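Thanks for coming, everyone. I would like to take you through one structure this morning, starting with its internal space and then turning to helix packing and a few points of the backbone.

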Amino acid sequence: MTVSELDATRIPLRVADRFFLAAHTGGQRITPRVDSALVSLGCAAGLLAELILEEEIAVTPSVRPSGRGRCPDFLSWAVLREIREEPGHDLRTWLDYLGQTATEKVRARLVIIDVLREVPVSAGWRGGAASAWRFSDLGVASPESVLELLFTSAETATGNGMITVPERIAEITFALLARETGVIRNVRLAKNVARQGDFRMKSWQKRIPGPLRNLIAEVAAARGQSAITPRH
C-alpha cells in the first residue's frame, strides 16, 4: 500500500497541503512545529513543486512557464499566472517571493476543501475577535502515519532506478521538503522508521526529476542562510 492508496477515500492533498499539515500540530488550535519562516519556505517550495510535477513550469535554470495552464485549483493557477507575468527569475527568487504569503494561501486552500476549519478566538483586551484554525473531523491521515507508510512501503522505480510514478514523486518531494525544513525532526516516529526514512530519502533525492532535485537543493541553501537552521 502507498500513501496515495491510503488517501484514496479522502480528499486529494497536494504537495504544499501535505507539507502544511505535517508542519503543524495541535487539537482545537493548530501550532507550527518549526519556525514560521521555515513553514513559509516549505509551503512556497510545495507550490512550485506542484507546478513542476504538472509540467506547467520548467527550470532551465530560470523558472519559466512550459505547459497549457490546466491547473487543478485556483491557487496553482494564481502562482502560474505570476510566473507567466515574470518569467526568467531563478528558484531562489520565487521561493523568497512566494514565501511572503504561501502559508496563508495554502491554509486557505485547506479551509476551502474542509481539511482545516476556522475557530474564532478572542484577541484579548487589545482588540476584538481573531481567528485560529483546527483540523476538521474528516479522516485525514496524521503526518506520523503518512510518513511511516511512505518510509516502509514498497519502492517504485524503473529499471534504471529512477522514480517515475507521479504520485510517488509527489509523496517523496513532500518528505524531502519536510526533512530540509526540520519538520521531520519534530514528528514522532519510531526509531527504526526514522532510520529507514533517512536512508530512503538520501536514495530518493538522486532518483527524482532534475527540476525537483534543484528545488530541494535551493530549499536547503535558503535554510542554510537562516539563523534558524534545523539539523537532520
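**Cavities, helix contacts and backbone**

Let me begin with the largest cavity, which has a lining of eleven residues, and of these Leu13, Arg18, Leu21, Ala141 and Val146 are the ones that lie nearest its centre. Two elements, α2 (15-22) and α7 (143-152), each give two or more residues to that lining, and α2 gives the most, with three residues. Please keep in mind throughout that this is a predicted model.

As to size, the space in this largest cavity comes to about 100 Å³, and when the whole structure is searched, two cavities of 30 Å³ or more are found. Sorted by class, the lining of the largest cavity consists of eight nonpolar residues, one polar residue and two charged ones.

The second largest cavity has a volume of about 40 Å³, and what lines it? The residues are Leu47, Leu75, Ala78, Val79, Glu82, Leu98, Thr101, Ala102 and Lys105. Here the elements that give two or more residues are α4 (74-85) and α6 (102-112), with α4 supplying the largest share, namely four residues. The division by class for this second lining is six nonpolar, one polar and two charged.

Now to the helices, and I will start with α2, which we have just met at the largest cavity. The axes of α2 and helix α3 (residues 36-53) come within 7 Å and cross at roughly 160°. Because angles over 145 degrees count as roughly antiparallel, α2 is roughly antiparallel to α3. The crossing of these two helices, α2 and α3, is right-handed. On the α2 side the contact is made by Val15, Ala16, Asp17, Phe19 and Phe20, while α3 brings Leu38, Val39, Gly42, Cys43, Gly46, Leu47, Ala49, Glu50 and Leu53. In terms of class, the contact of α2 with α3 has ten nonpolar, two polar and two charged residues.

Helix α3 also packs against α6, at an angle of about 65° and with the two axes 8 Å apart, and the crossing of α3 and α6 is left-handed. Which residues meet there? From α3 we have Val39, Ser40, Cys43, Ala44, Leu47 and Glu50, and from α6 we have Ala102, Thr103, Val106 and Arg109. That contact of α3 with α6 has six nonpolar, two polar and two charged residues. You may recall Leu47 and Ala102 from a moment ago, since both are among the residues lining the second largest cavity.

The next pair takes us back to α4, whose axis and that of helix α5 (residues 91-98) come within 13 Å and cross at roughly 130°. That angle makes α4 oblique to α5, and the crossing of α4 and α5 is right-handed. The contact is made by Val79, Glu82 and Ile83 of α4, together with Trp94, Tyr97 and Leu98 of α5. By class, the contact of α4 with α5 holds five nonpolar residues, no polar ones and one charged. Val79, Glu82 and Leu98 are also included in the lining of the second largest cavity.

Finally, two points of the backbone that I would ask you to look at on the screen. As background, most residues other than glycine have a negative phi, and most peptide bonds are trans. Where, then, is glutamate 55, and what is its phi? Glutamate 55 lies in the loop between α3 and β3, and its phi is positive, at about 60°, although the residue is not a glycine. The other point is the peptide bond from threonine 60 to proline 61, which is cis, with omega near 0°. Proline 61 is found in the loop between β3 (57-59) and β4 (63-65).

To close, I would come back to the two cavities: α2 gives the most to the lining of the largest cavity, whereas α4 gives the largest share of the lining of the second largest one. I am happy to take questions.

Note on methods:
Residues numbered from 1 in each chain as written. Predicted model: local features only at pLDDT ≥ 70, side-chain atom pairs only at ≥ 80, totals over all residues. Heavy atoms only, no water. 1 Å grid on protein atoms, 1.4 Å probe; cavity = no way out; pocket = protein on both sides within 12 Å on 5 of 7 lines; lining within 4 Å. Points joined across faces, edges and corners; volume = space filled by probe spheres on them. Nonpolar A, V, L, I, M, F, W, Y, C, P; charged D, E, K, R; others polar. Axes fitted to C-alpha atoms, helices over the stretch in contact; angles between N-to-C directions. Parallel < 35°, antiparallel > 145°, perpendicular 65-115°, else oblique. Left-handed = near helix turned anticlockwise from the far one by under 90°. Contact = heavy atoms within 4.5 Å.
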